[in-house]
Amino acid sequence: MEYRDVRTEVTDMKIENSKAQMRKGVLEFVVLQLLQSREMYPSDIIESLKKARLIVVEGTLYPLLTRLKNAGLLDYRWQESPSGPPRKYYSLTKKGNSFLAELRLTWNELVESVNETSKNHTK
Amino acid sequence: MNKTISINIGGRIFNIAEEAYQKLEKYLNTLKVYFSGREGGDEIIADIEARIAELFDERISTSKQVITPGDVDEIISIMGRPEDYMDDLDDDSTQESAAGGGNTSRRIYRDPDDKVVFGVCSGISAYLGWDPVILRAAFVIALLVYGTGPLVYIILALIIPKAKTTAEKLRMRGEPVTVESISKKVRESFKSVNDDVNEFGKRHAGSKKDLQNFGKRLVKLLADLFEGLVDLLRVLGRALGKIIGIVFIIAASFGLAVLVASVFGFDSIFVIRENGAAVDDQLVHWLGAVTTDPRELRMLFIGLVAVVLVPLIGILLTGISLFTKYNGLSGLTAIVLLVVFFVGVGLIVAVGISTSRDFATRASLTDRITPLEACADTLVIDVLDLGHLDRTWKVKFDDARFYYSGRTTGWDDDTTDARMYGENQLTIEDGPRGSEFQLRMERSSRGGSQKQALENAEMIEGRYRFTGDSLKIFPYYSLRTDAKWRSPRLEYVLSVPLNGVVYFTPASKSFIYDIPNVTNTYDRDMVGHHWLMTNSGLECTDCSGDHDRRAGNRD
């Protein structure tokens, strides 16, 4: 019951925008996480993200990768592909690693505090 | 049967249906607009194109070799439109590199769509929300204020970037840069073209085919003619260019040599003394006639040199470019030269404005010179010879001729200092009965006020000498170079009593001016004759018939 009330309040503040903001922060985190384990090229990343239902359109990924690369968190190398022209394989840099570690910390804290507050409220 | 187009995307070649191609192109253009001006925008586009190529590849097989519009639609929905992107959605949370994102902050750009010169005024106006006419008028008015307008304009044009992309154009106006607003803008501009084309098509629907055929033939003919003409001109032009180039180089070099000589004198170094008087035979010396203020003198000097130097350098570089392959007059050089030129114009105008105030009013002084008691009934009017006057420059200036001389001998103090000279005049009036010959010297000059004008007039020096029965007049008045040249005038008025006789020597022709006489004889015909003052004016006593030319139209 209370859940519904909260929702109607929130719609006034452009719910879509808030959702997008949240997802956006998470997306960056997830991409870095994916790349920590292994090098991937954009289509691989998209596949994983789609499976996790984190992105709707693929176009979102490219500006993000470029931004992270320009920030020095990612690096890429060209690798020949079995079919067609060479592909860009992205990997995490040192800086990216420590950045990710920090994000993970923040994420855990966030999850905790969100759970905490929602518990208190819904009770 | 359908037409296909072969495209290269992401380094691969695909055959694509025409309709699909148009769809894809439109989509990619939307993306390009969206990412333009953003850090790494080109890279993002390249990545997206590579991905599209991959997706195309998945849709191609031996049985289906052409990309269809359906494929493109599918791919667009996979890749998404910029509106669907999550990245850089909002302004408050995106940091540093998101400069090209979706914020609405205005920036100044030059507006290439509404420009008179470089679009500076319209760009700034768009930023401020003004009507560009206001700023344009302001710049034109600023032209009058020491010529600063063009200078400021050029500097602004260099600093302010041109709005190249639609995003930049929107930002110039402060409209939020969203894909919708960009599309709206793009659609608007396309629509107007489209409408025009449609309109034309409707009007000429019937005769379209004929028109097209005829048009094609005509265009081809004109193109052939034009090509032939261009070839001919190219050959002629190359030869002519070389010749013009050499002429330009020689002319400019000569001009530069003259400029250097007049700036530095032929053997001295340019110095302006504190009192504004300059030394020796230099350009600066001559400028003393305009102003004696050292600061203005310097401004005028630099201004004049800049204004003369720039065209000379321009001509020289053009000559070099024409003669050799080396392009001497590049954009930057041209801009620098223009700036220097306008600075020069500004300086000259500044001094000109300040100097023009000195011409506000005219005042005159009259010196009555003692009656010429000693002289006989006949007064001989002759030229006073003070020796050689070296006319270095001769300039017609404000209805007086203006001579400048650096080397004069014979002026009473025998100085070799530079002086400025102007021609003076002698006229004759009838004096009262029974009086003596009388000479008046009327000096006048302009000045900022009556007092200044009088001061300036007092600087005018004239020379005359009575020797027995003759009046000798030096044909030039003189000013020292520390005096200002404010349209000085010197007129001698000789009052001749009734029954007095004057005789003009042939040499006096150079300064007698508009002398009234009963026969309306020209001044030049009056010399060499005796003239008797009668009740009605001067009458020639020894003119033979052929000398007594009348000028009917003369008062």
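Four bridges tie β11(B) to β12(B), and the two run antiparallel. Strands here are DSSP E runs of at least two residues and helices are H or I runs of at least four, both numbered from the N terminus; two strands count as paired if DSSP finds at least two bridges between them. Within that pair, Thr467(B) has Ser470(B) of β12(B) as its bridge partner. The hairpin leaves two residues between the strands, and Gly468(B) takes a positive phi near 60° there.

Before going further, some ground rules. This is a predicted model, where local features need pLDDT of at least 70 and side-chain atom pairs count only at pLDDT 80 or more, while totals for chains, interfaces and linings use all residues. Residues are numbered from 1 along each chain as its sequence is written, chains are lettered from A and ligands numbered from 1 in the order in which they are written, and side-chain values use heavy atoms, with hydrogens and water left out.

**The sheet in chain B**

The hairpin belongs to an open sheet of six strands in chain B, ordered β11-β12-β5-β15-β16-β17, with mixed pairing. At the edges sit β11 (464-467) and β17 (537-540) of chain B, each with a single partner strand, so one side of each has no neighbour in the sheet. From one strand to the next the twist averages 25°, taken between lines fitted to C-alpha atoms, with angles running from 0 to 180 degrees between N-to-C directions.

What does β12(B) do with β5(B)? Strand β5 (residues 378-383) of chain B pairs with β12 (residues 470-473) of chain B in the parallel sense, over four bridges. Here Val380(B) stands opposite Ser470(B) in β12(B); Ser470(B) is also the bridge partner of Thr467(B).

**The two chains by numbers**

Three terms are needed for the table. Buried means under 20% relative accessible area, exposed means over 50%, and partly exposed lies in between (1.4 Å probe, protein chains only). A contact is a pair of heavy atoms within 4.5 Å. Accessible areas come from the Shrake-Rupley method with a 1.4 Å probe, and for residues only the protein chains shown count as cover.

| Item | Chain A | Chain B |
|---|---|---|
| Helices and strands | five helices, two strands | 14 helices, 17 strands |
| Buried residues | 34% of 123 residues | 40% of 555 residues |
| Contacts at separation 6 or more that join residues 24 or more apart | 50% | 65% |
| Accessible surface | about 8,000 Å² | about 30,600 Å² |
| Carbon and sulfur share of that surface | 55% | 58% |

Read along its sequence, chain A goes α-α-α-α-β-β-α.

**A helix that packs against both chains**

Helix α3 (residues 69-79) of chain B has a set of buried residues: Pro69(B), Asp71(B), Val72(B), Ile75(B), Ile76(B), Ile78(B) and Met79(B). What do they pack against? On the chain A side, their partners are α3 (42-51) and α4 (61-70). Within chain B, they pack against β2 (12-17), α1 (18-35), α2 (41-58) and β3 (66-67). After α3(B) comes Gly80(B), with a positive phi near 85°.

**A few residues up close**

Is Thr355(B) buried or exposed? Thr355(B), in helix α12 (residues 331-356) of chain B, is buried because its relative accessible area is 7%. Neighbours within four places in sequence aside, Thr355(B) touches Val290(B), Glu296(B) and Arg486(B).

Val260(B) lies in helix α9 (residues 208-264) of chain B and is partly exposed, with a relative accessible area of 46%. From Val260(B) to Val305(B) it's 45 residues in sequence and 9.3 Å in space, C-alpha to C-alpha.

Now the cysteines. Counting pairs of cysteine sulfur atoms within 2.5 Å as disulfides, there is one over all chains. It joins Cys540(B) to Cys543(B), S to S 1.7 Å, and the link is right-handed, with 90° about the S-S bond. Cys543(B) is partly exposed, at 24% relative accessible area. Cys121(B), by contrast, is buried at 4%.

**How confident is the predictor?**

The model scores ipTM 0.77 and pTM 0.40. Chain B has a mean pLDDT of 74 (the predictor's confidence in each residue, from 0 to 100), with 70% of its residues at 70 or more. Residues 89-104 of chain B stay under 50, and the model gives them 22 contacts beyond four places in sequence. Residues 266-281 of chain B are below 50 too, with 34 contacts beyond near neighbours in sequence.
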